Amino acid sequence: MNVVIFGKGFGKPRQVNLSGVTAGLGVVAVVGGIIGIGFLAGSWHAARTGSGISNSELGGITAQLESQRDGIDAIRQENEDTLDALSIRIAQMNARVIRLDALGRRLTEMAEIEDGEFDFDSDPAVGGPEEPMAAGSNVAVPEVLEAMSSLNAQLSNREAQLNVLEGVLMNQNLSDRVYPQGRPVKAGWLSSYFGKRTDPFTGKPANHTGIDFAGKHGAEIVAVADGVVTWSSDRYGYGIMVEINHGNGYSTRYAHNSENLVAVGDEVRKGQVVALMGKTGRATGPNLHFEVLQNGRRVNPVKFIRDSSK
């Protein structure tokens, strides 16, 4: 291939003869040079016009992303801690509710309230119209915590009131149990009253300090109130006798027994069998001589027997 070159510096046209190999290499060299010049020109233009991102700018953006990621992790951890705290508080309040329910059931039983009036085993019935909340409304975590704290204070107040009520009811129940009431025998009949009567042994007027219940030998004799046994032995005129101190100035005596079933110092409950009927001491046959003492003075037991029927 012949290439003719024209130019003022050459004086006259020159002719260059290129072989096949030489011509291919020349073409490759020219094309490669053009591509290289184009790449360098594009890089320079991008750096000058800002159409690309420099290394310093890229580093700044990366640092901002890392900072935001750390902030998100911190917020997530704070929310998890808050939820854990709420879960613990809810568990504590639930435990208190369970205790209050148990206390309520016990008070209901103590007060002998009819079934269904206070049911602590189911949620209370509620009602009333409701209005929808405004769209997009929500409750922030601090507001939830404040509401839970308020509820916790209310629970504490209710718990204190229930404890006071329990104490009052227990005192009332205790007073009822230590107040002599009821018949001291399970079987028998009233054979002699309190006060003046004719003495069965002398035939002369005498003062009877208790009441007598006639019955069968070995019939059960029961305590008419809770108390502590202060006497359980033979006593002149009474035969084998049990005496029980009930507190509040009250005590009772059960005499002429064939056998005592309690000893001094024993705690007895109302209705507990304390002795068996007999005719020991000054008695004409199997009977129970029953006395009630108030502040050491013997009073008419009939009043206390009648009180039990009210």
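Two strands pair if DSSP finds at least two bridges between them. In this predicted model, strand E4 (residues 195–198) and strand E5 (residues 205–208) meet that condition, because 4 bridges join them. The two strands run antiparallel. Arg197 stands opposite Ala206 in E5. Together E4 and E5 form a hairpin, with 6 residues between them. In the turn, Gly203 has a positive phi of about 80°.

The hairpin belongs to a chain of 310 residues, 25% of which count as buried. The chain holds 4 helices and 14 strands. Its accessible surface comes to about 21,300 Å². Carbon and sulfur atoms account for 56% of that surface. Among contacts with a separation of 6 or more, 61% are between residues 24 or more positions apart.

Asp199 is found in the loop between E4 and E5. Is this residue, Asp199, buried or exposed? Its relative accessibility is 10%, so Asp199 counts as buried; the cut-off for buried is under 20%. Beyond residues up to four places away in sequence, Asp199 touches Lys204, Ala206 and Arg282. With Arg282, the side chain of Asp199 forms a salt bridge (3.0 Å, N to O). This pair links distant parts of the chain: Arg282 lies in the loop between E12 and E13, 83 residues from Asp199. Arg282 itself is partly exposed, with a relative accessible area of 43%.

A second salt bridge starts from the hairpin. The side chains of Arg197 and Asp212 meet at 3.3 Å, N to O. Here too the pair links distant parts of the chain, with Arg197 in strand E4 and Asp212 in strand E6, 15 residues apart. Asp212 is buried, at 9% relative accessible area. Arg197 is partly exposed, at 27%.

Ser192, in strand E3 (residues 189–192), touches both members of this pair. Leaving aside neighbours within four places in sequence, its contacts are Arg197, His208, Ile211 and Asp212. A polar contact of 3.4 Å joins the side chains of Ser192 and His208. Ser192 is buried, with a relative accessible area of 12%.

The structure holds 10 salt bridges. Side chains of opposite charge can pair when their charged atoms come close. One such bridge joins Glu66 and Arg69 (2.9 Å, N to O). These two residues are 3 apart in helix H2 (residues 55–111), so about one helical turn separates them. Both ends are partly exposed: Glu66 has a relative accessible area of 40%, and Arg69 one of 43%. Elsewhere, salt bridges that share partners join Arg235, Glu243, Arg253, Glu291 and Arg298 into one network.

The largest nonpolar core has 25 residues. Which of its residues touch the most other members? They are Ile221, Ile244, Tyr254, Val274 and Leu288. At least two core residues come from each of strands E6 (211–214), E9 (239–247), E10 (250–260), E12 (273–277) and E13 (287–294), and from helix H4 (302–307). Val274 touches Ile221, Val222, Ala223, Val242, Ile244, Asn260, Leu261, Val262 and Val268, not counting residues up to four places away in sequence. Another core, of 5 residues, lies apart from the largest one. Leu86, Met93, Leu100 and Met148 are among its members.

Technical notes
Residues are numbered from 1 along each chain as its sequence is written. This is a predicted model: local features need pLDDT of at least 70, side-chain atom pairs count only at pLDDT 80 or more; totals for chains, interfaces and linings use all residues. Side-chain values use heavy atoms; hydrogens and water are left out. Buried means under 20% relative accessible area, exposed over 50%, partly exposed in between (1.4 Å probe, protein chains only). Contact means heavy atoms within 4.5 Å. Accessible areas come from the Shrake-Rupley method with a 1.4 Å probe; for residues, only the protein chains shown count as cover. A nonpolar core is a set of buried Ala, Val, Leu, Ile, Met, Phe, Trp, Tyr and Cys residues joined through side-chain atoms within 4.5 Å. A polar contact is a pair of N or O atoms within 3.5 Å; within protein, one must be able to donate a hydrogen and the other to accept it, and residues adjacent in sequence count only if both atoms are side-chain atoms. A salt bridge is a side-chain nitrogen of Lys or Arg within 4 Å of a carboxyl oxygen of Asp or Glu.
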